[in-house]
Every structure is written in structure tokens, then in C-alpha cells.
Amino acid sequence: MLQVARYGYMDIQSKVIKNTDNKSPVKAYATVFLNNNIAIHGFRIIDIGTDDDALCVAMPSNRNSDGKYYDMAFSTRSEVKEDIINSVIKNYVDNSSSPLADKSPVDMKITVRLHKTTAYGDNVPASGEIRLSDSFVISGIKITCHDGTIDYEMPKIKSKDGNYYDMAVPLNDRFGQLLKEKVLSEYGLLSTQILCGNINHAELTAEGEVAYKLFKNNSIAQKVINQLSERNIKYSAKINARETTICFLKSDFETMREISLKAASETENHKKL
């Protein structure tokens, strides 16, 4: 059961399987296919009234340790979200049984964000999210380490049979390999992170309210760090190959702003020489 919808570079298809339990408010389960590259499972069609207008589409979600449910996959653009909902609802209402459209995969921009964690034990050193074409987020991915092998896994969802399955599944080898390379490359940057500063982070936060500034240009960040050190302004910093985050006391905000603007100006002038 499917419907094809278009949003620029985001090609959306869906399949719907109706729930045989007529007493359940969950009327159907759906899988959404993005650009013929990846399948996202766990969408639910819920009846909140007595007619078709009362149907809503719930995003894939999991219950957190606080007992609340959080979306694990969702669109960050209203147009894409609307296309997904319309596709799923139309399939359900029309009771469509057409096969998936035979289309070539369309390239997608992949952005990965990870952070170190101890929440899942020693075998999961980091977790985070994947963004697809700046339009759709898959959160809850985990970096895994077993017997010295580093890999990643998608978030799991519980099926009607009580078993857990990957919420997101690549549809072709090329996209699957590209996704893996992006995730593990991001973890490589995270694991080679350098800590520096004239005070450690815990001591800094104990001294007062702190602020953070992110530098995408490490050359500018280094000029700022040099100035902070020369002026004996307390700071701690995290540096990797892509960016630098500097933490400082909010009481030093104006000084930090002055130093940052000067460093950016000097770097730009140097480029023009």
C-alpha cells in the first residue's frame, strides 16, 4: 500500500498495514521510504475521532527512562512532514495495494552529530543523530564497541510480536556504506577531541554561570584562545578537526565578544593579502 509524494529532492513513498485489532485506537502501521535510500519503520495511524479527518499520524517513538515517549524519527521541515502525513493517510483511506514505484535512489546529504555517553555502558561510548538532506532526523543512534570492533546501530522499535527491530534500514548497499562511513568518521573526530584551557570545566562551572561559543573555524578559535590566556581570562575548550567549543564565565561575555570579533577580522584580512 503506497502513495508517492514529492518535495524537491525528497521523494516520499509509504506502505501501510492495517491493524486487525478493531478495538485499538491504532488503526494501522506504516513504513516511510525516503529517496529510495532508507526505510523508516514505526509510524502509526491513530483514530482520535469518528471520521477520516480525525486520523493522525504518530512518528516512531520510544519510551525514555522518565516514562515519557519521545519521537525517534521526525521531519524538521513542515513541508516534508505534511507530505509524509498525506502519503500515509491517503494510503490508509484508499486502501491502496500498489507496489513501490520503481525509481533509482536519489542522493541525500548526510549530517551526523554525536556526543560521548556513559548511559549505555562501556560498549556504547557515544550516541547521537543522523540528519538527512536537512529535512529528516533519526535520533538515538549508538556507536558500539565489541571485541575491539567499532560499529554503529540504529534505534530499535518494539514490534507487535514483542521483538525489537531497527527503526531505520538502508535500502541499498551504496547508501548503507555511505551512512556507515559518515557515522564512523564523525566518531573518529569525537574520539580524537582535545581538551585545553587554564581551568578544568568542573572548576569553571563552580565559579559561576557559564556560556559557550562554537567556532567552525579553528584558526579563529586558536587566536581567541591565545588572547584569553594572555589576559588571564578563565576558559576551557574542546577542539577536534572540525570545530572548537570554548566555555567561559558569563561575566566575561563582552570581553569574549571583543576578542572573537578581532580574531575573525584579523583572519579575514590575512586571507585578502
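This is a short walk through one predicted model, from its overall dimensions to its pockets and then to a handful of individual residues.

Let me start with the chain as a whole, and please keep in mind throughout that we are looking at a prediction. The secondary structure of the protein chain comes to 5 helices and 19 strands. Along its principal axes the C-alpha trace spans about 70 × 45 × 40 Å, and the radius of gyration of the chain is 23 Å, where a compact globule of 273 residues would have a value near 19 Å. As for burial, 40% of the 273 residues in the chain are buried.

Next, the pockets. What volume does the largest pocket have? The value comes to about 1300 Å³, and of the 42 residues that line this pocket, the closest to its centre are Ser61, Asn62, Lys156, Ile157 and Lys158. If we sort the lining of the largest pocket by residue class, we find 18 nonpolar, 12 polar and 12 charged residues.

The second largest pocket has a volume of about 280 Å³. It is lined by 14 residues, of which Leu114, Leu190, Gln193, Asn240 and Glu243 are the closest to its centre. Three elements give two or more residues each to this lining, namely strand 9 (110–116), helix 2 (173–191) and strand 18 (235–239), and among the contributors strand 9 gives the most, with 4 residues. By class, the lining of the second largest pocket divides into 4 nonpolar, 4 polar and 6 charged residues.

Let me turn to the aromatic rings. How many aromatic pairs does a search of the whole structure find? The answer is 0, but there are contacts between lysines and rings that I would like to point out. Lysine 18 lies over the face of tyrosine 92, at 4.6 Å from the ring centre, and the charged end of lysine 213 sits over the ring of phenylalanine 215, at 5.4 Å from its centre.

Now to the backbone, and in particular to the loop between strand 10 (126–132) and strand 11 (136–146), which is where serine 133 lies. Serine 133 has a phi near 50 degrees, a positive value in a residue other than glycine. Aspartate 134 is placed in that loop between strand 10 and strand 11 as well, and aspartate 134, although not a glycine, also has a positive phi, of about 55 degrees. Are these residues buried or exposed, or something in between? Serine 133 counts as buried because its relative accessibility is 5%, under the 20% limit used for that class. Aspartate 134, on the other hand, counts as partly exposed, because its relative accessibility is 38%, which falls between the limits of 20% and 50%.

Staying with strand 10 for a moment, arginine 131 is found in that strand and is partly exposed, with a relative accessible area of 30%. Arginine 131 and threonine 192 are 61 residues apart in sequence, and their C-alpha atoms are 22 Å apart in space.

I will finish with some further residues for which I have both a burial class and a separation. Alanine 58 belongs to strand 5 (residues 55–58), and alanine 58 is classed as buried because its relative accessible area is 15%. From alanine 58 to phenylalanine 74 there are 16 residues along the sequence and 9.6 Å in space, taken from C-alpha to C-alpha.

Isoleucine 199 lies in the loop between strand 16 (194–197) and helix 3 (201–207), and, at 12% relative accessibility, isoleucine 199 counts as buried. The C-alpha atoms of isoleucine 199 and tyrosine 152 are separated by 34 Å, with their positions 47 residues apart along the chain.

Where is valine 210 found? Valine 210 is in strand 17 (residues 210–215), and at 17% relative accessibility valine 210 also counts as buried. Tyrosine 152 serves as the partner here too: its C-alpha atom and that of valine 210 are separated by 33 Å, at 58 residues apart along the chain.

Conventions
Residues numbered from 1 in each chain as written. Predicted model: local features only at pLDDT ≥ 70, side-chain atom pairs only at ≥ 80, totals over all residues. Heavy atoms only, no water. 1 Å grid on protein atoms, 1.4 Å probe; cavity = no way out; pocket = protein on both sides within 12 Å on 5 of 7 lines; lining within 4 Å. Points joined across faces, edges and corners; volume = space filled by probe spheres on them. Nonpolar A, V, L, I, M, F, W, Y, C, P; charged D, E, K, R; others polar. Phe/Tyr/Trp six-rings, centres within 6.5 Å; stacked < 30°, edge-to-face > 60°. Lys NZ or Arg CZ within 6 Å of the ring centre and 35° of its normal. Rg over C-alpha atoms; globule rule 2.2 N^0.38 Å. Buried < 20%, exposed > 50% of the residue type's maximum accessible area, 1.4 Å probe, protein only.
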